[in-house]
Amino acid sequence: MSAQPDATDPSAALSAHWIPVRPRLVLASAFMLFLELALIRWTGSNIVHLSYFTNFVLLGSFLGIGLGFMRIGRTRRLPYYSPIVLALLVVTVLVFPVTVDRSAEGIIYFTSLSTSGPPAWVILPIVFIAAAITLMGPAELVARCFPQLKRLEAYRYDLIGSLTGITTFTLLSFLSAPPLAWGCVVAVAYVVLLWPRKLSQQLLVGIPAIVVVGALAVESFTAGALWSPYYKVTYASFDYRGVPVLDISVNGIPHQQATPAEARLQWEGQYALPYERAVSARTNSLDNVLIVGAGSGTDVAIALLKGAKHIDAVEIDPTLRELGGRLHPDRPYDDPRVTTTITDGRAFLERTDTTYDLILFALPDSLTLVSGASSLRLESYLFTTEALTAARDHLRPGGAFSMYNYYREQWLVDRLALTAQTAFGHPPCVDDINGTHQAVITAGLTAADQTCGEPWPGAAAGTPQPVDDDRPFLYLFGQEIPSLYLITLGLILLVSALAVRGLGGPYRQMRPYLDLFLLGAGFLLLETKNITGFALLFGTTWLVNAIVFAGVLVAVLLAVEITQRFRTPPLQVMYGVLLAGLVLGWVVPNSWLLSLPVVPRAILAVIVAFLPIFAANVVFAKRFSQTDDATGAFGANLLGSVVGGCLEYLCLLVGYRGLLVVAGLLYLGAFLLLPKSARQRT
């Protein structure tokens, strides 16, 4: 006689699902990670200035996933609330646009919009809660599969699903797919996984799915809207005083204007200053020019007008480059003298052996973060002392380097000028247009290779020191965590504590799994260190980021497979291997890895980065396999990630290398909290 589902079993509601448990677990896990990535990307593109704070959406996702696992055993209802909350979030954001007031003391956020909207410490917890509730639903669907399988087998299929989810989203990003494609994937996943049979259930799933797809379809087909791997890009063409102008906005913020080179020089004369300050340009010796942040092409058009014989145009966003290629009035990218490379500017400098007569950093100010990093912007590694030293090393004799932007604060102008002085060994030329902080900073290879209007008087007293690759936080005035972050993180931790108590039950239920909680926090810091490290070594591009995320999941899956198939050393030994991995990451400097050719750099970087991740997950897999409550233990580990995400902001104080110390302390705490029974097992 066949066994019947136990009515008291929390997985009973899905035990009769038409999809067998293993493929269902893979599908649910893929859906969970896909929805998390889509939510981070979409909210950052539609809530103005939220792209500077997408880490808070990630933290909300971690909380929701952890709560979804903790809820198993407390409810038998399927999570029909999840599509409803998602539909409400999508409609609210599109119908009632919100601008995050990103003003904060001691930190600069680039935008040409005036400050408006609710304070960040108000809107961010709201977005955090919405993300948590939305992700809690898919997490419940995943967690309901766990009791039907052995511990590590369930974890294996969860990881396979996560890899599938990130691969699917990466493919859609590569294809520049609009939100409609994301919405269709999400809607189908909700229907297939919840599989409503009653009319009331069909309405609870079907109506929100139709609303989400419909709203995203309207947004996707809006005239002039494109989706790059980084931004929602909108554009419009118009004439200004008889001059054609292409106006480009990203994530709702005005970003670039593509105009004819002659008109731009007439309207904004500072664009000519690099060519006036660089002796190589004044003597018509521009045989080879590098432009980082080429964007839609105006800086390239100006360099061509100034007589450049060849230009390497480097731009990180393929959509901005494509727009400039099609619609820039001067069509600079059609000129045979121009070679385009789509990559991160720092990565280009580290890979090329070419030397230049003039190197320009042309307004490379991104409006978003590297995914998975709380404080690293796309251009963060471009303005460190090491980056400007790399630029100097790529100059020909007589060559010059110049960077320009509207820097907004005098201390930022002075900090960048001081960085140039440190890298080049002599004071640069600094032109601050009418004291507006719209500045041009130019440094020749030697002092004789630059011609300044007036000598730079030096940095004002109190100017912060140049940033380096370990703390690349150019826009942060002091070595501190801004109050904006502290208040927001405090509110998020408070909300998390209340949510865990209200939805997950008494805290004492987590007491047996406090070591797993700390393992989750430590792992999040390791992941952040790896993401930022690989961004420095290989570029802050979306593709490098996706590969690192996938690599982390592969390392975790490998750890699970080895633990399941082979006899592994005791936990005490594996904690020792983990400690050795952390020490290795501390003693091997990124500066040495950067000095290596790309292939050996990649091999050694993978060993250094993934050894502690592998060891940490062997520890987790061995410990998880011994637990009495699979969903409670897994939920505790996921909730630890929320704390780890908050601790990540300590990098503003101690740098990314210092996160290894913080992670080491968390792992030490996990070892000390290891239950006696687990210590005695092999």
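The following dialogue examines how certain descriptive terms are justified in this predicted model.

Trainee: Why is Val-661 called partly exposed?

Mentor: The relative accessible area of Val-661 is 44%. Buried requires a value under 20% and exposed a value over 50%, so Val-661 falls in between and is partly exposed.

Trainee: Where is Val-661 placed, and which surface patch includes Val-661?

Mentor: Val-661 lies in helix H24. It is one of the residues of a nonpolar surface patch, together with Leu-579, Val-583, Trp-586, Val-587, Leu-665, Leu-668 and Leu-672. The accessible area of these residues together is about 760 Å². Two or more residues of the patch come from each of helix H20 (571–587) and helix H24 (651–672).

Trainee: What makes Val-661 eligible for the patch in terms of accessible area?

Mentor: Patch residues must have over 30% relative accessible area; the 44% of Val-661 therefore satisfies that cut-off.

Trainee: Why are H18 and H19 called oblique to each other?

Mentor: The axes of helix H18 (residues 514–538) and helix H19 (residues 542–565) cross at roughly 140 degrees and come within 10 Å. Roughly antiparallel requires an angle over 145 degrees, and roughly perpendicular spans 65 to 115; the angle of roughly 140 degrees fits neither class, so the pair is oblique. The crossing of H18 and H19 is right-handed.

Trainee: How do you know that H2 and H6 are oblique to each other?

Mentor: Helix H2 (residues 21–46) and helix H6 (residues 151–174) have axes that come within 7 Å and cross at roughly 45 degrees. Roughly parallel requires an angle under 35 degrees, and roughly perpendicular begins at 65; H2 and H6 are therefore oblique. Their crossing is right-handed.

Note on methods. Residues are numbered from 1 along each chain as its sequence is written. This is a predicted model: local features need pLDDT of at least 70, side-chain atom pairs count only at pLDDT 80 or more; totals for chains, interfaces and linings use all residues. Side-chain values use heavy atoms; hydrogens and water are left out. Patches are made of residues with over 30% relative accessible area and no salt bridge: like charges are joined within 9 Å, nonpolar side chains (Val, Leu, Ile, Met, Phe, Trp, Tyr) within 5 Å. Accessible areas come from the Shrake-Rupley method with a 1.4 Å probe; for residues, only the protein chains shown count as cover. A salt bridge is a side-chain nitrogen of Lys or Arg within 4 Å of a carboxyl oxygen of Asp or Glu. Helices (H or I, at least four residues) and strands (E, at least two) are DSSP runs, numbered from the N terminus. Buried means under 20% relative accessible area, exposed over 50%, partly exposed in between (1.4 Å probe, protein chains only). Axes are lines fitted to C-alpha atoms, for helices over the stretch in contact, and angles run from 0 to 180 degrees between N-to-C directions. A crossing is left-handed if the near helix is turned anticlockwise from the far one by less than a right angle, and right-handed if clockwise.
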